[in-house]
Amino acid sequence: MDLSYILNELGEDREQWLNAVSPPIFQTSIFCFDSVAALREGLADELETPFYSRGHNPTVTVLRRKMAALEGAEDALVFASGSAAVAAAVLGTVASGDHVVCVRKPYGWTGKLLESMLPGYGVETTFVDATETGAVEAALTERTRLIFLESPNSITFEMQDLEAIAAMARERGITTICDNSYATPLLQRPIELGVDMVVHSATKYLNGHSDVVAGVLCADRDRIRRIFEGPYMTLGGICGPFDAWLLLRGLRTLPVRLERIGRTTREVIEHLASHPRIRRIHYPQHPGHGQRELADRQLAGGNGLFSVEVDCPDLAALERFVDSLECFLIACSWGGYESLVYPMAGLLDSENYQKSRELPWNLVRFSIGLEEPSALIRDLDRALGAIE
Ligand SMILES: *Cc1c(COP(=O)(O)O)cnc(C)c1O
């Protein structure tokens, strides 16, 4: 299926909607029926029938169809957040007594779910450095039901060989989930590599405008139905119609945004690589990354997220650098039209950071937006000058 067909046409029943080019926002909680028989029919399939908006909403369904097609999946579900999608995928897979293997340094709230919440329900997790497939294999027990992957992660961008791990898991009847928020389906399609389920924080590139929090889960029809009838409907972490509409609007420009952001990021990184104040650059496509071969094989390109270790005498100098930036807003998240900076130095007091202690204090993450590359480079140069 053509990318432009998916983004512009798929799932848009325009003739049903007075030929409106942009789909209507079905801001309704309920749909009514002509007869008891019709009501009964509606209740028979809440996933596909407009009945109650916790289950099916036509605006949300347009997005659902597009995301499934983009990931090469049979179906998808849209959630109120990426974390809701992650939790639904995990809870729909494991039960008391099961064991999970998860990559080290997953997204913080994914880690919290597996490490802090699930043990209370009888599910234990082992976190492994999954850059080597053998380490994942070594962590499996006879109780392992799920392998949770995030490739690359969103801080230091370690990757997993998705095809190798998925094949190994499938042989043993273990389910695999991959958080694909970083790459988006444009740069990486885990389901085609054999992964069972893909989850997304749609808050990042998919929406791309820093105005919606949402998530997506893509999988085969059976899994989606099982999760729909389980955690989706019971926990109710659904995406409202207006947020779905905003997401559709954002999604239409994903290819042009990523192309521009990728190009600008290459320029910025090339410049920073030769700057004396930049000690190390973490970016899958950067020569120093260490998994460059896997990046070239598994990712169709780079996006705008990278981090650097700054050569800084102390915390105050690092703060001077970050505070001096004018084109980069100091904020969490990433993937929007606007450039952001997120220094680990801001997390030093947080519980999660204290626990991990894996990230150097001088690590600073950048998310490149749609600004002119020259303006960003000038700003970085000027701010790096403030370290002295
Ligand atoms: C942001 C993020 C999430 C969580 O998504 P929300 O939309 O914030 O709930 C999950 N995984 C990754 C990699 C993320 O960056």
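Helix α5, which spans residues 108–117, lies across β2, β3 and β4 (144–150), and its direction makes about 135° with that of β3. The model in which this arrangement appears is a predicted one, and the description below moves from the sheet that α5 packs on to a second sheet, then to the ligand and to two points of backbone geometry.

**The seven-stranded sheet**

The strands crossed by α5, namely β2, β3 and β4, belong to an open sheet of 7 strands with mixed pairing, whose order is β1-β7-β6-β5-β4-β2-β3. Because β1 (75–79) and β3 (124–128) stand at the edges and each has a single partner strand, one side of each is left without a neighbour in the sheet. On average, and with direction ignored, neighbouring strands of this sheet are turned by 20° against each other. The partner of the edge strand β3 is β2 (residues 99–103), and these two run parallel, joined by 5 bridges; within this pairing, H99 has E124 of β3 as its bridge partner. Helix α3 (residues 58–71) also packs on the sheet, where it touches β1, β6 (197–201) and β7 (215–219), and its direction makes about 130° with that of β1.

**The five-stranded sheet**

A further open sheet, again with mixed pairing, is formed by 5 strands in the order β8-β9-β12-β11-β10. Here the edges are taken by β8 (278–282) and β10 (329–330), each with a single partner strand, so one side of each lacks a neighbour in the sheet. The edge strand β10 runs parallel to β11 and is joined to it by 2 bridges, with I330 standing opposite V341 of β11. Strand β11 (residues 340–343) is joined by 4 bridges to β12 (residues 363–367), and in this case the two strands run antiparallel. Two of the residue pairs between β11 and β12 can be named: L340 has S367 as its bridge partner in β12, while P343 stands opposite V364 in β12. Helix α11 (residues 254–273) lies across β8 and β9 (305–310), and runs at about 10° to β9.

**The ligand and its surroundings**

Which residues are closest to the ligand? Of the 13 residues that surround the ligand, the closest are G82, S83, D179, T203 and K204. By class, the residues of this shell divide into 4 nonpolar, 6 polar and 3 charged. Polar contacts between side chains and the ligand include the following.

| Residue | Ligand atom | Distance |
|---|---|---|
| D179 | nitrogen | 2.6 Å |
| S201 | oxygen | 2.9 Å |
| T203 | oxygen | 2.6 Å |

On its own the ligand has 370 Å² of accessible area, and the protein covers 91% of that area.

**Two points of backbone geometry**

Most residues other than glycine have a negative phi, and most peptide bonds are trans. Against that background, two places in the model deserve a mention. The peptide bond that joins S151 and P152 is cis, with an omega of about -10°, and P152 lies in the loop between β4 and α7 (162–171). The other place is N19, which has a positive phi of about 60° although N19 is not a glycine; this residue is found in the loop between α1 (3–8) and α2 (36–44).

Terms used. Residues numbered from 1 in each chain as written. Predicted model: local features only at pLDDT ≥ 70, side-chain atom pairs only at ≥ 80, totals over all residues. Heavy atoms only, no water. Pairing = 2+ DSSP bridges. Contact = heavy atoms within 4.5 Å. Axes fitted to C-alpha atoms, helices over the stretch in contact; angles between N-to-C directions. Near = heavy atom within 4 Å. Polar contact = N/O pair within 3.5 Å; in protein donor to acceptor, adjacent residues only side chain to side chain. Areas by Shrake-Rupley, 256 points an atom, 1.4 Å probe, with all protein chains shown as cover. Nonpolar A, V, L, I, M, F, W, Y, C, P; charged D, E, K, R; others polar.
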